[in-house]
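Grab a pencil and keep the model on screen. Below are a few exercises, each followed by a solution worked in steps.

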Amino acid sequence: MRPARVEARGRLAAWTVILAVAAVPVIAAAASPLQAGRELLWVTGGMAGVVALSLLFVQPLLKAAAPALLPARSGTLWHRWAGIAIAVLVGLHIGALYLYSPDDITDALLLVAPTPFSLYGVISLWCLVLTVLLVATRRRLGLAKRWWRVLHSVLAVAIVSAGVIHAVLIEGAMEEFSKLAVCAAALATTTAGALEINLFGPLRRRRKLQSA
Amino acid sequence: MTGKTIFANRRLLLTGAVAAGAVGLLPRFLVSADAQSQPAGGSYKPTEAMAGGANNYEPNAPLVENLGTGFVVSGLVRKAGNGEPLRNVRVQIWAATERGGERVPSNRGSVMTDDQGRYRLETSPIVPQFGQPHIHIAYDDPGFATLFLRPVLNSRHDKTMNVDFVLAPASPNAPRPS
């Protein structure tokens, strides 16, 4: 067992890196010269999407990196709140942009938009909607925990993959390097998180039981 | 065994996602903005409307000298069939610029084609709206069929764009856009 102080220092370093990767793209997008001419609804809708993208990177860590990064119990709590925040932000992203330019959002939702990234945004949206519905009804449906994990992981990978393609194809206020960094990071944490929750974690527990 | 299978699937999924993204990227580079080039000497076909072309359209944009400075959109308007240049037709243009979005009134205006059938309008620098730097161009008058275009700039740093198009004869029964 490592000394508690070394562990705390490692944790602090890890969280510093995580917060930097998550915060820099948001700050860079907010500081973009393109924001200057934009109306409030446009800025709001755009930034809500950027913050949601950053949260998608942090979200798997809250659950799958416990107890290394934070206590499992508070991790679950944070994961829940971050999930609610992502759903609300995506709603704000679409709602504000709809109010700003109804034609463009209607085209996107009906899959007739000329922009290729709209399709990926809509795929991501529907996987998110499905996730929210499952979260709300999984107990009533009597969904076994193991199957819930698998379903949630598959949907999460789909949300993040489609969301990342959506973000990468968009030419807008996000700065290119911080955008690519947070997108790669989100793909990495989501994939690693899904593997940890469904495979490595259960495998470790089983080995522990066998050796005990 | 199980571990291996799942890992391969995950990798496959990611590769698939990246490949899908690459496919999504393609149209942006393959479809040139002025895809209206015609075979020389052939008969001129009417330019096809572009998806999303009529978004944020408001009829009867006022005739303007310019919509700012820094970007020039120009082009040649022809008549379908013989390709005769059309003089004195109204071309309506709107776009998101450094000064605001497509719906800002000062980002919307009309110009008339000259004796050679050419139009030209200077605007403030174009910025991407909804993820693509693009311009909206409309012909919406009784003389010919209504046409809405939405050409995308090759780069958001471009300073000019040429958009030639060919108008079809008006069909008497065609519904007018509201």
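Before we start, one definition: helices are DSSP runs of H or I at least four residues long, numbered from the N terminus. That is how to read a label like H4(A) later on. Also keep in mind that this is a predicted model.

**Exercise 1. Work out which residues line the second largest cavity, and which helix gives the most to it.**

Step 1: Start with the space itself, which comes to about 70 Å³.

Step 2: List the lining. From chain A you'll find A:Asp104, A:Asp107, A:Ala108, A:Ala113, A:Pro114, A:Thr115, A:Phe117 and A:Ser118, and from chain B there are B:Asn55, B:Phe130 and B:Arg150.

Step 3: Look for elements that give two or more residues to this lining; these are H4 and H5 of chain A. H4(A) gives the most, with three residues.

Step 4: Sort by class, and you get five nonpolar, three polar and three charged residues.

**Exercise 2. Find how many cavities of 30 Å³ or more there are, then describe the largest cavity.**

Step 1: The count comes to three cavities.

Step 2: Now take the largest cavity, with a volume of about 820 Å³. It has 40 lining residues, and those closest to its centre are A:Gly49, A:His93, A:Leu97, A:His166 and A:Ile170.

Step 3: Go through the helices. At least two lining residues each come from H2, H3, H4 (102–109), H5 and H6 of chain A. H2(A) gives the most, namely eight residues.

Step 4: The classes here are 24 nonpolar, twelve polar and four charged residues.

**Exercise 3. Do the same for the largest pocket: what is its volume, and which residues are closest to its centre?**

Step 1: Its volume is about 1,400 Å³.

Step 2: The lining holds 43 residues, with A:Lys63, A:His79, A:Trp148, A:His152 and A:Ile197 the closest to the centre.

Step 3: Two or more residues each come from H2 (40–64), H3 (72–100), H5 (116–141), H6 (145–169) and H7 (176–211), all in chain A. The largest share, ten residues, belongs to H7(A).

Step 4: Split the lining by class: 23 nonpolar, ten polar and ten charged.

**Exercise 4. Describe how chain B and chain A meet, and find the salt bridge across their interface.**

Step 1: Count who takes part: 34 residues from chain B and 32 from chain A.

Step 2: Add the area. The two chains bury about 2,800 Å² between them, with 60% of it on carbon and sulfur atoms.

Step 3: Hunt for charge pairs. Side chains of opposite charge can pair when their charged atoms come close. One salt bridge turns up across this interface, and its partners are A:Glu171 and B:Arg156, at 3.4 Å from N to O. The cut-off for a salt bridge is 4 Å, so this pair makes it.

Step 4: Look at the chain B side that touches chain A, which has 15 nonpolar, eleven polar and eight charged residues. Ten residue pairs are in polar contact across the interface.

**Exercise 5. Explain why A:Glu176 and A:Lys179 are about one helical turn apart.**

Step 1: Place the pair. Over all chains there are five salt bridges, and A:Glu176 and A:Lys179 form a salt bridge at 3.8 Å from N to O.

Step 2: Count along helix H7 of chain A. These two residues are three apart there, so about one helical turn separates them.

Note on methods: Residues numbered from 1 in each chain as written. Chains lettered and ligands numbered in written order. Predicted model: local features only at pLDDT ≥ 70, side-chain atom pairs only at ≥ 80, totals over all residues. Heavy atoms only, no water. 1 Å grid on protein atoms, 1.4 Å probe; cavity = no way out; pocket = protein on both sides within 12 Å on 5 of 7 lines; lining within 4 Å. Points joined across faces, edges and corners; volume = space filled by probe spheres on them. Nonpolar A, V, L, I, M, F, W, Y, C, P; charged D, E, K, R; others polar. Contact = heavy atoms within 4.5 Å. Buried area = accessible area lost by both parts, 1.4 Å probe. Salt bridge = Lys/Arg side-chain N within 4 Å of Asp/Glu carboxyl O. Polar contact = N/O pair within 3.5 Å; in protein donor to acceptor, adjacent residues only side chain to side chain.
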